[in-house]
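Me: I am new to this one. Please show me the structure, and then I will ask my questions.

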Amino acid sequence: MMTTQDNSTDKPETDNPSEEPDDASPADLKVSMGAQTLRIQWQDGLTSEFSLPQLRRVCPCATCRTEREKKHDNPLQILKTDPSSWRVTNAQLVGHYAIQFVWSDGHNAGIYDFRMLRKLSKESSGSA
Ligand SMILES: [Zn+2]
């Protein structure tokens with residue numbers, strides 16, 4: 001008997017919802033403009049809090065990703081404005097799967113998938 005299973009693992013890590021548990025959806029979302037934080041209460045009861053300037057540094061949009069990749073080759077950065085002065089001025093949900101921020105410098109291309117945020121919160125909290 002021969003069973004052939006193609007277990008190729010060279011798939012892109014995006015668009016693979018089966019990999020993450022379904023609890024990566026928020027029960028409650030709060031964006032605080034004053035404190036510049038995003039607070040997510042997840043379906044499974046866990047609460048994560050993100051600093052918005054920190055989220056800007058991991059902005060998943062193509063422009064920012066390219067910037068970060070360029071930084072890999074050339075660490076010199078010339079900043080026209082101080083990134084720490086960027087503030088979120090507005091936020092909106094994208095479907096049921098992501099949140100999008102509008103920043104004070106006009107940048108709004110970053111769409112933060114909840115699965116990404118869930119992963120980030122795991123990484124930053126580390127092991128208890
Ligand atoms: Zn961006």
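Me: Among contacts in the protein chain between residues at least 6 apart in sequence, what share joins residues at least 24 apart?

Reply: First, the ground rules. This is a predicted model, where local features need pLDDT of at least 70, side-chain atom pairs count only at pLDDT 80 or more, and totals for chains, interfaces and linings use all residues. Residues are numbered from 1 along each chain as its sequence is written. Two residues are in contact if their C-beta atoms, placed from the backbone, lie within 7 Å, and the share asked for is 37%.

Me: In what order do the elements of the protein chain run from the N terminus?

Reply: Helices (H or I, at least four residues) and strands (E, at least two) are DSSP runs, numbered from the N terminus. The chain has three helices and six strands. Their order is β-β-β-α-α-β-β-β-α.

Me: What percentage of the 128 residues in the protein chain is buried?

Reply: A residue is buried if 20 or more other C-beta atoms lie within 10 Å of its own, exposed if 12 or fewer, and partly exposed in between; C-beta atoms are placed from the backbone. By that count, the buried part of the 128 residues is 12%.

Me: Which element gives the largest share of the largest nonpolar core?

Reply: A nonpolar core is a set of buried Ala, Val, Leu, Ile, Met, Phe, Trp, Tyr and Cys residues joined through C-beta atoms within 7 Å. The largest one has 11 residues, including Ala24, Leu38, Ile99 and Phe114. Strand S2 (37–42), strand S5 (98–103) and helix H3 (114–125) each give two or more. The largest share, three residues, comes from S5.

Me: Which strands stand at the edges of the open sheet of three strands, and why is one side of each left without a neighbour?

Reply: Two strands pair if DSSP finds at least two bridges between them. The sheet has the order S1-S2-S3, with antiparallel pairing. Each edge strand has a single partner, so one side lacks a neighbour in the sheet. The edge strands are S1 (26–32) and S3 (47–51).

Me: Which residue takes a positive phi in the hairpin of S1 and S2?

Reply: S1 and S2 pair over six bridges, in the antiparallel sense. Four residues lie between the strands of this hairpin. The residue with a positive phi, near 55°, is Gln36.

Me: Of the 12 residues of H2, what number is buried?

Reply: Helix H2 covers residues 62–73. H2 lies largely in the open, because its number of buried residues is zero.

Terms used
Expected span 1.5 Å × (residues − 1).
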